[in-house]
Amino acid sequence: MILEPVAPFRNRDVVFRVAADGWELRAYHRLRRQVFCDEQRLFVGDDRDAVDGRAIALVAGCRIAGVVDDIIGGVRIWDAAAGAWWGGRLAVHREHRGTAGIATGLVRLAVATACRRGARSFHA
């Protein structure tokens with residue numbers, strides 16, 4: 001018997017929000033290390049810098065039965081000067097890249113969050 005190849009399951013119940021719980025922040029930083037240190041080799045060991053101390057972490061999380069159980073994407077935003085906001089270090093888990101809407105949802109949340117906090121300009 002020959003079985004047909006089956007695409008891996010990708011949870012499409014994704015929520016975008018400000019990382020509020022400690023586990024979300026840890027998962028977000030772990031994802032950044034995987035993407036920027038292990039995969040892209042842009043940094044050695046860790047990609048954190050001084051901006052992380054003042055940045056707001058925004059995450060994309062998969063929900064199971066309405067509860068977020070995994071962080072699959074993230075981006076950070078920060079107020080660099082009065083009214084001038086920046087976004088950076090956008091990362092999406094390797095298994096979820098190409099899933100429509102994750103990176104776009106993070107960018108939209110980043111811009112909307114910055115605007116609600118007084119941004120007159122947003123740079124990435």
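**Exercise 1. Determine which residues Ala-60 contacts in this predicted model, leaving aside neighbours within four places in sequence.**

Solution.
Step 1. Apply the sequence filter, which leaves aside residues within four places of Ala-60. Contact requires heavy atoms within 4.5 Å.
Step 2. List the partners that remain: Val-14, Val-15, Phe-16, Asp-70, Ile-71, Ile-72, Gly-73, Ile-102 and Leu-106.
Step 3. Examine the strand pairing. Ala-60 stands opposite Gly-73 in strand 3.
Step 4. Place Ala-60 in the nonpolar interior. The largest nonpolar core has 16 residues, and Ala-60 is among those with the most contacts inside it, together with Leu-58, Ile-72, Ile-77, Trp-85 and Ile-102. Strand 2, strand 3, strand 4 and helix 2 each give two or more residues to this core. Helix 2 supplies the largest share, five residues.
Step 5. Look for a further core. A second, separate one has eight residues, including Ala-27, Tyr-28, Ala-57 and Val-68. As a general background, nonpolar side chains in soluble globular proteins tend to be buried together.

**Exercise 2. Describe how strand 2 is covered and which strands pair with strand 2.**

Solution.
Step 1. Assess burial: seven of the nine residues of strand 2 are buried, so the strand is mostly covered under the cut-off of 20% relative accessible area.
Step 2. Treat the pairing with strand 1, residues 14-18. Strand 1 and strand 2 are antiparallel and share five bridges. Within strand 2, Gly-61 is the residue opposite Val-15.
Step 3. Treat the pairing with strand 3. Strand 2 and strand 3 also run antiparallel, joined by nine bridges.
Step 4. Identify the connection. Strand 2 and strand 3 form a hairpin with two residues between them, and Ala-65 is in the turn.

**Exercise 3. Ala-65 and Arg-89 each have a positive phi of about 55°; where does each residue lie, and is each buried or exposed?**

Solution.
Step 1. Recall the general expectation: most residues other than glycine have a negative phi.
Step 2. Record the exceptions. Ala-65 is not a glycine, yet its phi is about 55°. Arg-89 is likewise not a glycine and has a phi of about 55°.
Step 3. Locate the residues. Ala-65 belongs to the loop between strand 2 (56-64) and strand 3 (67-81). Arg-89 belongs to strand 4, residues 84-92.
Step 4. Compare accessibility with the cut-offs. Ala-65 is exposed because its relative accessible area is 80%, and exposed means over 50%. Arg-89 is buried because its relative accessible area is 17%, and buried means under 20%.

**Exercise 4. Establish the surroundings of Glu-24 and His-29 in helix 1.**

Solution.
Step 1. Locate Glu-24 in helix 1, residues 22-39. His-29 lies in helix 1 as well.
Step 2. Classify both by accessibility. Glu-24 has 0% relative accessibility and therefore counts as buried. His-29, at 11%, also counts as buried.
Step 3. Enumerate the contacts, not counting residues up to four places away in sequence. Glu-24 touches Arg-17, Val-18, Ala-19 and Ile-71. His-29 is in contact with Arg-48 and Asp-52.

**Exercise 5. Which residues make the nonpolar surface patch of about 190 Å², and how is Val-107 classified?**

Solution.
Step 1. Name the members: Leu-90, Val-107 and Val-111.
Step 2. Place Val-107 in helix 2, which covers residues 102-116.
Step 3. Classify Val-107. Its relative accessibility is 43%, so Val-107 counts as partly exposed. The patch criterion requires over 30% relative accessible area.

**Exercise 6. Summarise the protein as a whole: its elements, dimensions, burial, surface and contacts.**

Solution.
Step 1. Count the elements: two helices and five strands. Their order from the N terminus is β-α-β-β-β-α-β.
Step 2. State the extent. The C-alpha trace spans about 65 × 35 × 25 Å along its principal axes.
Step 3. State the burial: 40% of the 124 residues are buried.
Step 4. Characterise the surface. The exposed area is about 7500 Å², and carbon and sulfur atoms supply 55% of it.
Step 5. Evaluate the contact range. Among contacts with a separation of 6 or more, 60% are between residues 24 or more positions apart.

Key:
Residues are numbered from 1 along each chain as its sequence is written. This is a predicted model: local features need pLDDT of at least 70, side-chain atom pairs count only at pLDDT 80 or more; totals for chains, interfaces and linings use all residues. Side-chain values use heavy atoms; hydrogens and water are left out. Patches are made of residues with over 30% relative accessible area and no salt bridge: like charges are joined within 9 Å, nonpolar side chains (Val, Leu, Ile, Met, Phe, Trp, Tyr) within 5 Å. Accessible areas come from the Shrake-Rupley method with a 1.4 Å probe; for residues, only the protein chains shown count as cover. A salt bridge is a side-chain nitrogen of Lys or Arg within 4 Å of a carboxyl oxygen of Asp or Glu. Helices (H or I, at least four residues) and strands (E, at least two) are DSSP runs, numbered from the N terminus. Buried means under 20% relative accessible area, exposed over 50%, partly exposed in between (1.4 Å probe, protein chains only). Two strands pair if DSSP finds at least two bridges between them. A nonpolar core is a set of buried Ala, Val, Leu, Ile, Met, Phe, Trp, Tyr and Cys residues joined through side-chain atoms within 4.5 Å.
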